[in-house]
Amino acid sequence: MSMHLAVSVHLLLSAGRGPQECAWALARLLHHLETDATQQNLETHQAHIAPGDRPGTYRSVLIRIAGDDSEAFAASWTGMYPR
């Protein structure tokens with residue numbers, strides 16, 4: 001019997017120790033990443049959130065990405081901006 005396990009990866013997004021604008025930008029980046037993942041038939045789940053000082057902002061977010069191409073998708077988001 002063959003069992004197919006969905007591939008998943010975790011990706012940490014962080015505003016670091018930057019100013020509040022970085023936490024705001026991270027929230028926008030997260031929204032863009034989740035939208036892109038959905039368009040590529042991947043599932044996302046916010047595994048852990050460190051909220052920013054202002055509503056709707058984040059200091060960091062650990063996101064789980066699941067699906068057949070999740071590793072390649074996460075790799076395309078590593079660094080400063082998606083490739």
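**Exercise 1. Locate N41 in the chain and describe its backbone and its exposure.**

Step 1. N41 sits in the loop that links helix 1 to strand 2. Helices (H or I, at least four residues) and strands (E, at least two) are DSSP runs, numbered from the N terminus. The model is predicted: local features need pLDDT of at least 70, side-chain atom pairs count only at pLDDT 80 or more, and totals for chains, interfaces and linings use all residues. Residues are numbered from 1 along each chain as its sequence is written, and side-chain values use heavy atoms, with hydrogens and water left out.

Step 2. N41 is not a glycine, yet its phi is positive, at about 60 degrees.

Step 3. Buried means under 20% relative accessible area, exposed over 50%, and partly exposed in between (1.4 Å probe, protein chains only). N41 counts as exposed because its relative accessibility is 71%.

**Exercise 2. State how far the predictor trusts this model.**

Step 1. pLDDT is the predictor's confidence in each residue, from 0 to 100. The chain average is 89, and 88% of the residues score at least 70.

Step 2. Among the elements, strand 3 has the highest mean pLDDT (97) and helix 2 the lowest (92).

Step 3. Where pLDDT is low, the predicted coordinates should not be read in detail.

**Exercise 3. List the elements of the chain and work out how the strands are arranged.**

Step 1. There are two helices and three strands, and along the sequence they follow the pattern β-α-β-β-α.

Step 2. The three strands form an open sheet in the order 1-3-2, with antiparallel pairing. Two strands pair if DSSP finds at least two bridges between them. Strand 1 (8-14) and strand 2 (43-51) are the edge strands, each pairing on one side only. From one strand to the next, the twist averages 15 degrees. Axes are lines fitted to C-alpha atoms, for helices over the stretch in contact, and angles run from 0 to 180 degrees between N-to-C directions.

Step 3. Strand 1 is joined to strand 3 (residues 58-66) by seven bridges, and L12 stands opposite L62 of strand 3. Strand 2 is joined to strand 3 by eight bridges, and A50 has S60 as its bridge partner in strand 3.

Step 4. The hairpin of strand 2 and strand 3 has six residues between the strands; there G56 takes a positive phi near 80 degrees.

**Exercise 4. Describe helix 1 and what covers its buried residues.**

Step 1. Helix 1 has 20 residues and reaches 29 Å from its first C-alpha to its last, close to the 28 Å expected at 1.5 Å a residue. The expected span is 1.5 Å times one less than the number of residues.

Step 2. Its buried residues are A23, L26, A27, L30, L33, D36 and A37. Their cover includes strand 1, strand 2, strand 3 and helix 2, where contact means heavy atoms within 4.5 Å.

**Exercise 5. Identify the central members of the largest nonpolar core and the elements that supply it.**

Step 1. A nonpolar core is a set of buried Ala, Val, Leu, Ile, Met, Phe, Trp, Tyr and Cys residues joined through side-chain atoms within 4.5 Å. The largest one has 17 residues, of which L11, L13, L30, L33, Y58, I65 and F73 touch the most other members.

Step 2. Strand 1, helix 1, strand 3 and helix 2 (70-76) each give two or more residues to this core. Helix 1 gives the most, with five residues.

Step 3. Leaving out residues up to four places away in sequence, L11 touches L33, V61, L62, I63, I65, A74, W77 and T78.

**Exercise 6. Set A74 beside A47: which element holds each, and is each buried or partly exposed?**

Step 1. A74 belongs to helix 2 and counts as buried because its relative accessibility is 8%. Residues up to four places away in sequence aside, A74 touches V9, L11 and I65. A74 and H10 are 64 residues apart in sequence and 8.0 Å apart in space, C-alpha to C-alpha.

Step 2. A47 belongs to strand 2 and is partly exposed, with a relative accessible area of 39%. Its contacts, leaving aside neighbours within four places in sequence, are H10, L62 and I63. A47 and R64 are 17 residues apart in sequence, and their C-alpha atoms are 6.3 Å apart.

Step 3. For the whole chain of 83 residues, 31% count as buried. Among contacts between residues at least 6 apart in sequence, 63% join residues at least 24 apart.
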